[in-house]
Amino acid sequence: MSILIRDVQEHELDAILAMNNAAGSGILPMNQAQISYFWQNADYFRVAESDDCLVGFLIALNQDAEYDSSNFHWFKQRYPQFIYVDRIVHNPHPEKRIE
């Protein structure tokens, strides 16, 4: 099985939102406005794809983002420059297509 890492495409946002919200208690749920914010503002928003299925994604923001997260603000108060990895999510059941 090979994995391709690539930019998110706008038509995939609903599938990414579903994957995020199915990830369980270790990942905070998102809504449509939040996924749209990341689409428009994230410095790094990539998906992992295998056999034409989305199997994961990663979202990261830089220090200039306007993001209301206590973890993000901790870094902002201590470092002039940084990349903040907000979340890494994978689909634990790639045989169940999330499209």
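**Exercise 1. The loop between β2 and β3**

Task: In this predicted model, find where D52 lies and decide whether D52 is buried or exposed.

Solution.
Step 1. D52 sits in the loop that joins β2 and β3.
Step 2. The relative accessible area of D52 is 59%. The cut-off for exposed is over 50%, so D52 is exposed.
Step 3. Look at the backbone: phi of D52 is positive, about 65°, although D52 is not a glycine.
Step 4. Turn to D51, which is found in the loop between β2 and β3. Its phi is also a positive value, near 50°, in a residue other than glycine.
Step 5. D51 has a relative accessible area of 61%, so D51 counts as exposed.

**Exercise 2. A residue in strand β3**

Task: State whether L61 is buried or exposed, and list which residues L61 touches beyond four places in sequence.

Solution.
Step 1. L61 belongs to strand β3.
Step 2. Its relative accessibility is 0%; buried means under 20%, so L61 is buried.
Step 3. Leaving out residues up to four places away in sequence, L61 touches Y37, F38, N41, A42, D43, Y67, F72, F82, I83 and Y84.
Step 4. A33 is not in that list. The C-alpha atoms of L61 and A33 are 16 Å apart, with their positions 28 residues apart in sequence.

**Exercise 3. The pair α1 and α2**

Task: Describe how helix α1 and helix α2 cross, and name which residues meet.

Solution.
Step 1. Two packed helices are described by the angle between their axes and the distance between the axes.
Step 2. Helix α1 covers residues 13-21 and helix α2 residues 32-41; their axes come within 10 Å and cross at roughly 120°.
Step 3. The hand of this crossing is right-handed.
Step 4. From α1, the residues L13, D14, I16 and L17 take part; from α2, their partners are Q32, I35 and W39.
Step 5. Sorted by class, this contact has 5 nonpolar, 1 polar and 1 charged residues.
Step 6. Burial in α1 takes in L13, A15, I16, L17, M19 and N20. The buried residues of α1 pack against α2, and also against β2 (44-50), β3 (53-62) and β4.

**Exercise 4. Two exposed residues**

Task: Where are G26 and Q40 placed, and how far is each from a given partner?

Solution.
Step 1. G26 is in the loop between α1 and α2. With a relative accessible area of 71%, G26 is exposed.
Step 2. G26 and V89 are 63 residues apart along the chain, and their C-alpha atoms are separated by 9.6 Å.
Step 3. Q40 has its place in helix α2. Its relative accessibility is 63%, so Q40 counts as exposed.
Step 4. Q40 and A23 are 17 residues apart along the chain, with 22 Å between their C-alpha atoms.

**Exercise 5. The largest pocket**

Task: Give the volume of the largest pocket and say how many residues line it.

Solution.
Step 1. The volume of the largest pocket is about 240 Å³.
Step 2. Its lining has 14 residues. Nearest the centre of the pocket lie L28, Y67, S69, D86 and R87.
Step 3. By class, the lining residues comprise 8 nonpolar, 4 polar and 2 charged.
Step 4. At least two lining residues come from α2, and at least two from β4 (83-90).
Step 5. Y67, one of the residues nearest the pocket centre, is also among the residues that L61 touches.

Conventions. Residues numbered from 1 in each chain as written. Predicted model: local features only at pLDDT ≥ 70, side-chain atom pairs only at ≥ 80, totals over all residues. Heavy atoms only, no water. Axes fitted to C-alpha atoms, helices over the stretch in contact; angles between N-to-C directions. Helix = DSSP H or I, 4+ residues; strand = E, 2+ residues; numbered from the N terminus. Left-handed = near helix turned anticlockwise from the far one by under 90°. Contact = heavy atoms within 4.5 Å. Nonpolar A, V, L, I, M, F, W, Y, C, P; charged D, E, K, R; others polar. 1 Å grid on protein atoms, 1.4 Å probe; cavity = no way out; pocket = protein on both sides within 12 Å on 5 of 7 lines; lining within 4 Å. Points joined across faces, edges and corners; volume = space filled by probe spheres on them. Buried < 20%, exposed > 50% of the residue type's maximum accessible area, 1.4 Å probe, protein only.
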